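Hello,

Please find the structure we talked about below, with my notes after it. They go region by region and can be read with the model open.

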Amino acid sequence: MTAAAARGIDAALESPRALAAAVPRKPPTLSALPPIGRIAQTGEPHLTNDLVNDPTTDDRTWARRNAIVAFAGFPLKLDDRVIGVLALFAGHKLDRYALGSLATIADSIALGVERKRSELA
């Protein structure tokens, strides 16, 4: 999997450490991966409305300083293959309707990527 886009967070929220947390490293175990890398590896979503206390949070100081409350990450899947990750940080809790919408959007993005790849082939 290759990152094709990684933008959308306010520049004031960016920090080298926070951005590096989104890029999968080569950790010794799956549990050592940051959430986005774990989603890419397992194909399972990761959702939390308590980011600061989530055991997978890599940079609690960044989340606290920027008042980030929630994280939702969904794999972009085609069949059983993960082709990317849709990730969202929010300053408020995400309700089940928002999460359901994000899951649907992730499916639509994956289909759009596949359609575009087919057109370019």
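**The loop residue Thr 56**

Thr 56 sits in the loop that runs between β1 (46–48) and α3 (60–65). Bear in mind throughout that this is a predicted model. The side chain of Thr 56 takes part in a polar contact with the side chain of Asp 54, at 2.5 Å. A polar contact of 3.2 Å links the side chain of Thr 56 to that of His 46. If neighbours within four places in sequence are set aside, the residues in contact with Thr 56 are Pro 35, Arg 38 and His 46. Pro 35 and Arg 38 belong to α2, where both are buried.

**The sheet**

The open sheet has three strands in the order β1-β2-β3, with antiparallel pairing. Its edge strands are β1 and β3 (81–90), each of which pairs on one side only. On average, neighbouring strands of this sheet are turned by 15° against each other, direction ignored. In general, strands of a sheet pair through backbone hydrogen bonds, in either a parallel or an antiparallel arrangement.

Nine bridges join β2 (residues 70–78) and β3 in the antiparallel sense. To follow the register, start from Leu 78, whose bridge partner in β3 is Arg 81. Further along, Gly 73 stands opposite Ala 87 in β3. β2 and β3 form a hairpin with two residues between them.

One of the residues in that turn is Asp 79, with a positive phi of about 55°, although Asp 79 is not a glycine. Is Asp 79 buried or exposed? Its relative accessibility is 76%, so Asp 79 counts as exposed.

**The helices across the sheet**

Two helices are worth looking at against the strands. Helix α2 (residues 35–42) lies across β1, β2 and β3 and runs at about 25° to β2. Helix α4 (residues 96–120) also lies across β1, β2 and β3, and the angle of α4 to β2 is about 35°.

How much of α2 is covered? The helix is mostly covered, with six of its eight residues buried. These are Pro 35, Ile 36, Gly 37, Arg 38, Ile 39 and Ala 40. The buried residues of α2 pack against β1, β2 and β3. After α2 comes Gly 43, which has a positive phi near 75°.

**The aromatic cluster**

A search of the whole structure turns up two aromatic pairs. In one of them, Trp 62 and Phe 89 meet edge-to-face, with 5.4 Å from centre to centre and 85° between the planes. Trp 62 lies in helix α3 and Phe 89 in strand β3, so this pair ties together parts that are 27 residues apart in sequence.

In the other pair, the ring centres of Phe 71 and Phe 89 are 5.0 Å apart and the planes are at 55°, so the pair is tilted. Here Phe 71 lies in strand β2 and Phe 89 in strand β3, so the parts tied together are 18 residues apart in sequence. Ring pairs link Trp 62, Phe 71 and Phe 89 into a cluster.

Which of these rings belong to buried residues? Trp 62 is buried, with a relative accessible area of 6%. Phe 71 is buried too, with a relative accessible area of 2%. Phe 89 has 34% relative accessibility and counts as partly exposed, because a residue is buried only under 20% and exposed only over 50%.

**One more backbone point**

Ala 67 is in the loop between α3 and β2. Ala 67 has a positive phi of about 55° although it is not a glycine. The loop between β2 and β3 holds Asp 79, which likewise has a positive phi of about 55° and is not a glycine.

Regards

Key: Residues are numbered from 1 along each chain as its sequence is written. This is a predicted model: local features need pLDDT of at least 70, side-chain atom pairs count only at pLDDT 80 or more; totals for chains, interfaces and linings use all residues. Side-chain values use heavy atoms; hydrogens and water are left out. Helices (H or I, at least four residues) and strands (E, at least two) are DSSP runs, numbered from the N terminus. A polar contact is a pair of N or O atoms within 3.5 Å; within protein, one must be able to donate a hydrogen and the other to accept it, and residues adjacent in sequence count only if both atoms are side-chain atoms. Contact means heavy atoms within 4.5 Å. Two strands pair if DSSP finds at least two bridges between them. Axes are lines fitted to C-alpha atoms, for helices over the stretch in contact, and angles run from 0 to 180 degrees between N-to-C directions. Rings of Phe, Tyr and Trp (its six-membered ring) pair if their centres lie within 6.5 Å; planes under 30 degrees apart count as stacked, over 60 as edge-to-face and the rest as tilted. Buried means under 20% relative accessible area, exposed over 50%, partly exposed in between (1.4 Å probe, protein chains only).
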